[in-house]
Amino acid sequence: DQQQVENCWLGYGNNNFSLPDINTENQTVVDMLNLWINNTIVKYNIDGIRLEAAKNVPQAFWPSFAANASVFTIGEVVSDSVDYAQNYTHVLDSVLDYPTYYVASKSFSSSDNDLSRLASAMTDAQQKYAMGSFASGAFLENHDVPRLPSVISDKSLITNALAWTFGGDAMPIVYYGQEQGFDGAGDPDNREALWLNGLNPMGPFVSTITNLNAARHAAQTYSPGFSNTSTKIISPSSSSLILVKS
């Protein structure tokens, strides 16, 4: 429960080692962390920060921390519930859109899957996140979840999933090695060393990601309102979705 997640020492790994809980209710600790993040941002000229395990810290801590960081913040809130994740869009700039990820990874895993659930997930996020889906990061892979090719062998389905990531409102996030088609499953297999692949410039999804990124950039250049115009879903069905920004 939330009390346990925020305030207890949670077990981790097969040996159930406890992760110590920093006392972020103590003002001296809060002041130290706020000073630290401000100095770090200034020293290294950082543009934005990803906040690991944001849900394990009391929500009341985040506004002052984000204000002292004074840069873009995106929180990792692992949950399949938009109702749960949306709370953190009110204390941080954005969250990783885990609720939509869980639906998308299933929706694109087979050509026979029902895509209408993906449309519902997208609409839910648009309606409940503080800034709509704009207050979220869209992803298909990261260091905590299985890589897509480990569960999907059809390259066309993976390509469709990538198009979904770049075509919606959320900020598209690409995990290293995704362009190479790395297929590691759970941790640590999903954290393969990139250089062992030879840094192949012709990886299976390099051109796909490059073209999708170029198309998104072109749309933003052509229409300044692209980045704050909500995507509409036209004629959603179990087998197809049409995304439109108008």
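This report describes the enclosed cavities of the structure and then one nonpolar patch on its surface.

The structure is a predicted model, and the descriptions below should be read with that in mind.

**Cavities inside the protein**

The search finds two cavities of 30 Å³ or more, and they are set side by side in the table.

| Cavity | Volume | Classes of lining residues |
|---|---|---|
| Largest cavity | about 190 Å³ | nine nonpolar, seven polar and two charged residues |
| Second largest cavity | about 30 Å³ | four nonpolar, one polar and one charged residues |

Around the largest cavity there are 18 lining residues, and among these Asp-97, Thr-100, Ala-138, Trp-164 and Ala-170 lie nearest its centre. Two or more residues of this lining come from each of four elements, namely helix 5 (98-107), helix 6 (116-128), strand 7 (136-138) and helix 7 (155-167).

The second largest cavity, for its part, is lined by Glu-141, Pro-149, Ile-158, Leu-162, Gln-178 and Phe-205.

**A nonpolar patch on the surface**

Turning from the interior to the outside, Trp-195, Leu-196 and Leu-199 make a nonpolar surface patch of about 430 Å². One of these residues, Leu-199, can be placed in the loop that runs between strand 8 (171-172) and helix 8 (206-222). Is Leu-199 buried or exposed? Leu-199 has a relative accessibility of 52%, and because a residue counts as exposed when this value is over 50%, Leu-199 is classed as exposed.

Notes. Residues are numbered from 1 along each chain as its sequence is written. This is a predicted model: local features need pLDDT of at least 70, side-chain atom pairs count only at pLDDT 80 or more; totals for chains, interfaces and linings use all residues. Side-chain values use heavy atoms; hydrogens and water are left out. Patches are made of residues with over 30% relative accessible area and no salt bridge: like charges are joined within 9 Å, nonpolar side chains (Val, Leu, Ile, Met, Phe, Trp, Tyr) within 5 Å. Accessible areas come from the Shrake-Rupley method with a 1.4 Å probe; for residues, only the protein chains shown count as cover. A salt bridge is a side-chain nitrogen of Lys or Arg within 4 Å of a carboxyl oxygen of Asp or Glu. Buried means under 20% relative accessible area, exposed over 50%, partly exposed in between (1.4 Å probe, protein chains only). On a 1 Å grid over the protein atoms alone, a cavity is a set of points where a 1.4 Å probe fits but cannot get out, and a pocket is an open set with protein on both sides within 12 Å along at least five of seven lines; lining residues have an atom within 4 Å of a point. Grid points are joined across faces, edges and corners, and a volume is the space filled by probe spheres set on the points. Ala, Val, Leu, Ile, Met, Phe, Trp, Tyr, Cys and Pro count as nonpolar, Asp, Glu, Lys and Arg as charged, and the others, Gly among them, as polar.
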